[in-house]
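Work through the exercises below with the model open beside you, and try each task before reading its solution.

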Amino acid sequence: MDSWVRVLILVACLYPVFVECKVRRYQFNVVMKNTIRLCSTKSIVTVNGKFPGPTLYAREDDTVLIRVINRVKYNVSIHWHGVRQLQTGWSDGPAYITQCPIQPGHSYVYNFTLTGQRGTLLWHAHILWLRVTVHGAIVILPKLGVPYPFPKPDHESVVILAEWWKSDTEAVINQALKSGLAPNVSDAHTINGHPGPVSNCPSTGGFTLNVAPGKTYMLRLINAALNEELFFKIAGHKLTVVEVDATYVKPFTIDTILIAPGQTTNVLVAANQGVGKYMVAASPFMDTPVVAVDNMTATATLHYSGTLAASPTSFTSPPAQNATPVANNFINSLKSLNSNTYPAKVPQTIDHSLFFTVGLGVNPCPSCKAGNGTRVVANINNVTFVMPTIALLQANVFNIKGVFTTDFPGNPPSPYNYTGTPPANLGTTTGTKVYRLPYNATVQVVLQDTGIIAPENHPVHLHGFNFFAVGRGLGNYNSKTDPKNFNLIDPVERNTIGVPSGGWVAIRFRADNPGVWFLHCHLEVHTTWGLKMAFLVDNGKGPNESLLPPPKDLPKC
Ligand code: C2O
């Protein structure tokens, strides 16, 4: 092949809508970039100088190779959130779980195949609080010639929601850890990088989605915020939900969607209203009054072609911050598509039945003056996870002793009334513990929120798997009566699920992916505080059921 033909194919493969390419190559340069938001300049960590970062396009079954080059002063790793990483745990990305971080001046090639998934996912930094600005979309198109299971939209757009701090976020979390108290909340939410006009900076620009009357648009919504669940709505327009977390759902139409950090949602919007400008709003959801959130609403504009420049915007008011019914209305509408082509393979029998409490705790901290000698921590089954200094996957494969133990408890060590009066002792134990699973075991995890300090909604994310959300309720989970109401037919399939405030959610998955897989709250502050654990899934029989050998360029600690 002529070399210019090869170059042409290489370039064309970055636009997979048109061509068939089995391998897609990307280069991610992690660099600092000066940028203006809220009328002040700030230097941020970015990929290729972009905020949000570049969109990764591929088709189902494609192999993606991303060379990440670290040109900043921080250690870096990138996680491909929701990508199953079948047998390729080395490319999953969470620092000190599946890899040592990429050190300044070094690079690493992530190499994985997109098997059995199509839709929208996100990638983000998985170390420190760098994901605040180091994030972007993953668009997985169906195989060439395979249609969507819903009417094809005329256009598609990626819409990324995030949070913006005026100050340096590494300083924000470091200061909080020193004090023992919660970190400062963000100063604004953003839609595709922009907060929209705000009162103390009215000139600030906002994202504009240009539409033509009569056309249909698919928005690939992503919540890349660090700490906040968000409502999303568009003045005068309905949203038809067709997919979440890269799995198809039974389409339903709704005014307001709820999206937690790490979650993705594809919606269809018909431009069927009068020509004009319509407000798009993203605002926080928090139904625990004592937990502080950034109450700023980010706005963007849906702009019909043919609109006169002077025409006013049709406004919408966001739901109340504590609008639990609006949140529940969305959550309860989600069901797997469960068609012949896309069946919901819900495990009907369970090998490992686990019960995990998720919540906060209080531990001694003599140096924490602001916290009066104590610090807020978070835990699963009363274990506050301690990050190792060697990646767990490495330690397991190379048989390095003393890095982790396999005694993560499958049940709370001492049961109590989780959503009632808190116990007298709010302390937790610490450790780097994993829960070990044989290959192909079926697993049920009931995630139970605790009311310690405050009940709170926790968006829990599992790496390496999709799970089915078979049940959900308020108060304490009842193992006798609640399973009778489980949906084992068409429950929603996802990779990140909100555990309701003062309630529980039951998830099921099949451990068909060998490796070490992180499970954690996707509110970054809770991850930092220790609301995290990992599953160690053994290899099965033969090479097709085993983790691939480690890549040559795997970073060292
Ligand atoms: Cu999107 Cu472990 O995270």
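The exercises that follow concern a predicted model, and they go from the whole chain to its cores, its disulfides and one strand residue.

**Exercise 1. Overall form**

Task: Determine how the radius of gyration of the chain relates to the globule rule, and describe the make-up and extent of the chain.

Solution: Begin with the secondary structure, which consists of 5 helices and 33 strands. The radius of gyration is 23 Å, close to the 24 Å that the globule rule gives for 557 residues, so the chain is as compact as a globular protein of that length. Next, take the C-alpha trace, which spans about 65 × 60 × 50 Å along its principal axes. Then turn to the surface: the accessible area of the chain comes to about 22,100 Å², and carbon and sulfur atoms account for 55% of that area. Buried residues, for their part, make up 59% of the 557 residues. Finally, consider the contacts between residues at least 6 apart in sequence, of which 79% join residues at least 24 apart.

**Exercise 2. Nonpolar cores**

Task: Find which residues have the most contacts inside the largest nonpolar core, and list what Phe-535 is in contact with beyond its neighbours within four places in sequence.

Solution: The largest nonpolar core has 81 residues, and those with the most contacts inside it are Phe-232, Val-241, Ile-257, Phe-356, Leu-447, Phe-509 and Phe-535. Taking Phe-535 and leaving aside its neighbours within four places in sequence, one finds contacts with Leu-354, Phe-356, Tyr-435, Leu-437, Val-445, Leu-462, Phe-509, Gly-515, Val-516, Trp-517 and Leu-519. A second core, separate from this one, has 46 residues, and Val-76, Val-83, Tyr-108 and Phe-404 are among them.

**Exercise 3. Disulfides**

Task: Establish how many disulfides the chain has, and for each pair give the sulfur separation and the handedness.

Solution: With a cut-off of 2.5 Å between cysteine sulfur atoms, the count comes to 3 disulfides.

1. Cys-39 is joined to Cys-201 with an S to S distance of 1.9 Å, and the link is right-handed, with 80° about the S-S bond. This pair links distant parts of the chain, 162 residues apart: Cys-39 lies in the loop between β1 (23-37) and β2 (40-47), and Cys-201 in the loop between β10 (188-191) and β11 (208-211). Cys-201 has 2% relative accessibility and therefore counts as buried.

2. Cys-100 is joined to Cys-557, again with an S to S distance of 1.9 Å, and the torsion about their S-S bond is about -100°, so this disulfide is left-handed. The two cysteines are 457 residues apart, Cys-100 being in the loop between β5 (78-81) and β6 (107-113) and Cys-557 in the segment after β33 (532-537). At 1% relative accessibility, Cys-100 counts as buried.

3. Cys-365 and Cys-368 have their sulfur atoms 2.0 Å apart, and their link, with 70° about the S-S bond, is right-handed. Cys-365 is buried at 4% relative accessibility, and Cys-368 is buried at 1%.

**Exercise 4. A strand residue**

Task: Place Thr-63 in its strand, and identify the polar contact of its side chain.

Solution: Thr-63 lies in strand β4, which comprises residues 63-70. Not counting residues up to four places away in sequence, Thr-63 touches Lys-22, Val-23, Arg-24, Asn-111, Phe-112 and Thr-113. With Thr-113 there is also a polar contact of 2.9 Å, which joins the side chains of the two threonines.

Definitions and conventions: Residues are numbered from 1 along each chain as its sequence is written. Side-chain values use heavy atoms; hydrogens and water are left out. A nonpolar core is a set of buried Ala, Val, Leu, Ile, Met, Phe, Trp, Tyr and Cys residues joined through side-chain atoms within 4.5 Å. Buried means under 20% relative accessible area, exposed over 50%, partly exposed in between (1.4 Å probe, protein chains only). Contact means heavy atoms within 4.5 Å. Helices (H or I, at least four residues) and strands (E, at least two) are DSSP runs, numbered from the N terminus. A polar contact is a pair of N or O atoms within 3.5 Å; within protein, one must be able to donate a hydrogen and the other to accept it, and residues adjacent in sequence count only if both atoms are side-chain atoms. The radius of gyration is taken over C-alpha atoms; the globule rule is 2.2 Å times the number of residues to the power 0.38. Accessible areas come from the Shrake-Rupley method with a 1.4 Å probe; for residues, only the protein chains shown count as cover.
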